[in-house]
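Here's a quick walk through one protein model, with a ligand along for the ride. Grab your viewer and follow along.

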Amino acid sequence: MHVPPRLILATRNAHKTAEIRAMLGDRYEVLDVTAFPECPHIEETGTTFLENARLKALGISRQLDGWVLADDSGLEVDALDGAPGVGSSSYGGEEGNNVLNNLCLLVEMADKAERRARFRCTMVLARDGREQANFSGVVEGRIIHAPRGEHGFGYDPLFIPDGYEKTFAELGEEVKNTLSHRSRALAKVIDFLTNNCLPK
Ligand code: IMP
C-alpha cells in the first residue's frame with residue numbers, strides 16, 4: 001500500500017492549512033502543528049516574510065521529525081508604502097482579528113486614489129532543524145472600497161486580483177487556489193520535493 005509522504009505545516013492558521021491541503025490533494029499527508037500540542041509557539045520577530053518563515057520552519061523542525069513547511073504571507077499596499085506587510089495579521093491592533101484588520105485597511109485607504117496591492121507569500125522548507133530551500137509567490141491586484149464575498153480569510157473580501165472583477169472572497173477557494181500567492185509558492189515547493197526528495 002502506498003503511504004503518502006508527510007508534510008508538517010508550521011502554522012496554527014486553519015485557513016492556510018485548508019488551502020495547502022486542497023492544493024496538495026492526496027499526494028502528501030498534510031498535518032499542521034495543532035496535531036502536536038507539545039510544539040512551542042514561535043514568536044514572529046522578523047522584519048521580512050523570509051525571516052519569519054525561517055523562524056517558524058526551523059523552530060518547528062527542531063522539535064519534529066520529517067519535512068516541515070512554513071508560510072509567512074501578507075498584503076502589501078503601494079499607497080501605504082508596503083503596509084500592512086509583515087504586520088498583516090495584527091494591522092488592526094489585535095493579532096488574527098480579520099474584522100479589525102479589514103476595517104483599519106479601509107480607514108487608511110479611504111482617501112487614496114491609488115489602490116494597487118499584492119499578496120506575497122514566502123515558504124521555507126526545513127528538515128532536521130536546517131533550512132532546505134525557500135520559495136515565494138506573488139499575486140497582483142487592487143483594494144476595493146467595501147468588503148465583498150464570504151469565502152477565504154483575512155483581506156480576501158477587499159482584494160481583486162488582476163484579470164478579475166471579483167474579490168478572492170467572491171471567487172472562492174477553487175479559483176483562488178489557481179492564482180494565489182500561496183499556490184504560486186507551493187507549486188515551487190512541490191517541484192522541489194518531487195525533483196529532489198520524494199518519489200513522484
Ligand atoms: P502570518 O500568519 O504571519 O503569515 O500572517 C498572514 C496574514 O496575512 C493573515 O493573518 C492575513 O491577514 C494576511 N494574509 C495572508 N495570506 C492571505 C490570503 O490568502 N488572503 C487574505 N489574507 C491573507
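What follows covers the strands, the ligand site, the aromatic rings and a few backbone oddities.

Keep in mind that this is a predicted model.

**The strands around β4**

Let's start with strand β4, residues 116-127. How many of its 12 residues are buried? Nine of them are, so the strand is mostly covered. On one side, β4 pairs with strand β3 (residues 67-77); the two run antiparallel and 10 bridges join them. β4 also pairs with strand β5 (residues 130-143), again in the antiparallel sense, this time over 12 bridges.

Cysteine 121 is a handy landmark for both pairings. In one of them, serine 73 stands opposite cysteine 121. In the other, the residue opposite cysteine 121 is glycine 137 in β5. If you're tracing side chains here, remember that in a regular strand they alternate between the two faces of the sheet.

Next, look at alanine 53, which sits in helix α2 (residues 49-61). Is alanine 53 buried or exposed? Its relative accessibility is 0%, so it counts as buried. Leaving out residues up to four places away in sequence, alanine 53 touches Ala70, Asp72, Thr122 and Val124. For a sense of scale, try the C-alpha atoms of alanine 53 and glutamate 114: they're separated by 30 Å, with the two positions 61 residues apart along the chain.

**The ligand and arginine 182**

Now for the ligand. It has 17 residues around it, and the closest are Lys16, Glu44, Asp156, Lys176 and Arg182. Three ligand distances are worth pulling up in the viewer:

| Residue and atom | Ligand atom | Distance |
|---|---|---|
| Glutamate 44, polar side-chain atom | oxygen | 2.8 Å |
| Tyrosine 155, backbone N or O atom | nitrogen | 3.2 Å |
| Histidine 181, side-chain N or O atom | nitrogen | 3.1 Å |

How much of the ligand's accessible area does the protein cover? On its own the ligand has 490 Å², and the protein covers 94% of that.

Arginine 182, one of the closest residues to the ligand, deserves a stop of its own. Its place is in helix α5, residues 181-197. With a relative accessible area of 1%, arginine 182 is buried. What joins its side chain to that of aspartate 71? A polar contact of 2.6 Å does. Setting aside residues up to four places away in sequence, arginine 182 also has a list of neighbours that includes Lys16, Glu19, Phe153 and Lys176. Ser73 and Cys121 are among the residues it touches too, and those two are the residues that stand opposite each other across the β3 and β4 pairing.

**Aromatic rings**

There are four aromatic pairs in the structure. In one of them, the rings of phenylalanine 135 and phenylalanine 192 have their centres 5.7 Å apart and their planes at 70°, so this pair is edge-to-face. The pair links distant parts of the chain, as phenylalanine 135 is in strand β5 and phenylalanine 192 is in helix α5, 57 residues apart. Phenylalanine 135 counts as buried, at 10% relative accessibility.

Then there's the pair of phenylalanine 159 and phenylalanine 168. Their ring centres are 5.4 Å apart and their planes are at 45°, so this one is tilted. Phenylalanine 159 counts as buried at 0% relative accessibility, and phenylalanine 168 is buried as well, with a relative accessible area of 1%. Add Phe119 to Phe159 and Phe168 and you have one aromatic cluster.

**Backbone oddities**

Most residues other than glycine have a negative phi, and most peptide bonds are trans. So where should you look for departures from that?

Aspartate 81 has a positive phi, near 55°. You'll find aspartate 81 in the loop between β3 and α3, and it's exposed, with a relative accessible area of 77%. That loop is also the place of proline 84. A cis peptide bond joins alanine 83 to proline 84, with omega about 0°.

Aspartate 128 has a positive phi too, about 55°, although it is not a glycine. Aspartate 128 lies in the loop between β4 and β5, in a hairpin with two residues between the strands. It's exposed, with a relative accessible area of 51%.

Note on methods: Residues are numbered from 1 along each chain as its sequence is written. This is a predicted model: local features need pLDDT of at least 70, side-chain atom pairs count only at pLDDT 80 or more; totals for chains, interfaces and linings use all residues. Side-chain values use heavy atoms; hydrogens and water are left out. Helices (H or I, at least four residues) and strands (E, at least two) are DSSP runs, numbered from the N terminus. Buried means under 20% relative accessible area, exposed over 50%, partly exposed in between (1.4 Å probe, protein chains only). Contact means heavy atoms within 4.5 Å. Two strands pair if DSSP finds at least two bridges between them. A residue is near a molecule or strand if one of its heavy atoms lies within 4 Å of it. A polar contact is a pair of N or O atoms within 3.5 Å; within protein, one must be able to donate a hydrogen and the other to accept it, and residues adjacent in sequence count only if both atoms are side-chain atoms. Accessible areas come from the Shrake-Rupley method with a 1.4 Å probe; for residues, only the protein chains shown count as cover. Rings of Phe, Tyr and Trp (its six-membered ring) pair if their centres lie within 6.5 Å; planes under 30 degrees apart count as stacked, over 60 as edge-to-face and the rest as tilted.
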